[in-house]
Amino acid sequence: MFGECHAHIIMDAVNYKHAVNRHQTGVDESVIHAHFSAYKKLGIRFVRDGGDSLGVSRRAREIAPSYGIDYRTPIFAIHKNGHYGGIVGRGFDTLPEYTALVREVKKQGGDFIKIMTTGIMDFDTDGHITGDALPYALVKEMVHIAHEEGFAVMTHTNGAGPVYDALLAGVDSVEHGNYMDDECILAFSQSEAVWVPTVTVVPNLIGCGRFTDTVLESIWQGAGDNIRKAWKAGVTMALGSDAGAYLVPHGQGLLDELGRFKSILSGERDLEQRLELGERKIKEKF
């Protein structure tokens, strides 16, 4: 079975605020056990987390071996204050503050660094990303500092320009990567980075009533088109469902993600082999 290359053990796929509140006075280990049980039942033995600010993923890494799960975590993601990211981590204002956070990840035994360079998709529109992207010069320095400290870098990034900047800055994996254009896909194909599209999030929302289905269907269509283009261009991809996000359950989310890839890339005989290669690169880098 494939591994889950993008999960949030703190989230429950139902209600983010409720999920976080369960850990406000200390880590609720029953949550971790429930999610790991779901992974074990499905034969999923590798999970790469996106981190959190309450120590849940840190404790999860200590528990994971009892389930036979190879679990990797950045402990917490790092974002620039005033920009998207507080949902999963800690913020900085200056580069010395960022460096201190990177070293805090090292002190706590983190496996890699996760940075946030953009917001998320605005599901009320097709093509808009919330908030402002970090400038290239800052992203480049953030990646450089993390690499100098011996870490690979996972980046939460959406939008063609920001993804291009992240690749140019030397990130090791791009998470989500929505709305890339042809130039960006070409740059991706010429890089060593792995793309983890977390594509199942959008189709899982269709029909839930929270957003307009016609917008979601348009986003989903565009995502499929980009995956086909990236696949043809030779971009290295790996399966990650954003497990824990709304309507993306732990364990089942990975099965959904694999199903979406099979639907988008039907007829590709080397699908599983190339996805296995992407996962292997993730394991080597992170």
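Select Glu 29, Ile 32, His 33 and Phe 36 in helix 2 of this predicted model. These residues meet Val 56, Arg 59, Ala 60 and Ile 63 in helix 3. Colour the contact by residue class: the residues of helix 2 and helix 3 that take part divide into 5 nonpolar, 1 polar and 2 charged.

Now show both helices whole, helix 2 as residues 29-41 and helix 3 as residues 56-63. How do their axes cross? The axes come within 10 Å and cross at roughly 55 degrees. That angle makes helix 2 oblique to helix 3. The crossing in which helix 2 passes helix 3 is right-handed.

Next, the sheet. Select strand 1 (4-7) and strand 3 (70-72), then add strand 2, residues 46-49. Together they form an open sheet of 3 strands in the order 1-2-3, with parallel pairing. Which strands stand at the edges? Strand 1 and strand 3 do; each has a single partner strand, so one side of each is left without a neighbour in the sheet. With direction ignored, neighbouring strands here are turned by 20 degrees against each other on average. Zoom in on strand 2 and strand 3, which pair in the parallel sense over 3 bridges. Phe 46 can be found opposite Asp 70 of strand 3.

Move on to helix 5 (residues 136-148) and helix 6 (residues 160-169). Their axes come within 9 Å and cross at roughly 40 degrees. Helix 5 and helix 6 are therefore oblique to each other. Helix 5 passes helix 6 in a right-handed crossing. To see the contact, select Tyr 136, Val 139, Lys 140 and Val 143 on the helix 5 side, and Asp 165, Ala 166, Leu 168 and Ala 169 on the helix 6 side. By class, the residues in this contact of helix 5 with helix 6 are 6 nonpolar, no polar and 2 charged.

Stay on helix 5 and select Met 142, which is found there. Is Met 142 buried or exposed? Its relative accessible area is 0%, so Met 142 is buried. Which residues does Met 142 touch, not counting those up to four places away in sequence? Show Phe 92, Leu 95, Tyr 98, Ile 115 and Leu 134 as sticks; these are its contacts on that count. To finish, draw a C-alpha to C-alpha distance from Met 142 to Leu 95: the two are 7.7 Å apart in space and 47 residues apart in sequence.

Terms used:
Residues are numbered from 1 along each chain as its sequence is written. This is a predicted model: local features need pLDDT of at least 70, side-chain atom pairs count only at pLDDT 80 or more; totals for chains, interfaces and linings use all residues. Side-chain values use heavy atoms; hydrogens and water are left out. Axes are lines fitted to C-alpha atoms, for helices over the stretch in contact, and angles run from 0 to 180 degrees between N-to-C directions. Helices (H or I, at least four residues) and strands (E, at least two) are DSSP runs, numbered from the N terminus. Angles under 35 degrees count as roughly parallel, over 145 as roughly antiparallel, 65 to 115 as roughly perpendicular and the rest as oblique. A crossing is left-handed if the near helix is turned anticlockwise from the far one by less than a right angle, and right-handed if clockwise. Contact means heavy atoms within 4.5 Å. Ala, Val, Leu, Ile, Met, Phe, Trp, Tyr, Cys and Pro count as nonpolar, Asp, Glu, Lys and Arg as charged, and the others, Gly among them, as polar. Two strands pair if DSSP finds at least two bridges between them. Buried means under 20% relative accessible area, exposed over 50%, partly exposed in between (1.4 Å probe, protein chains only).
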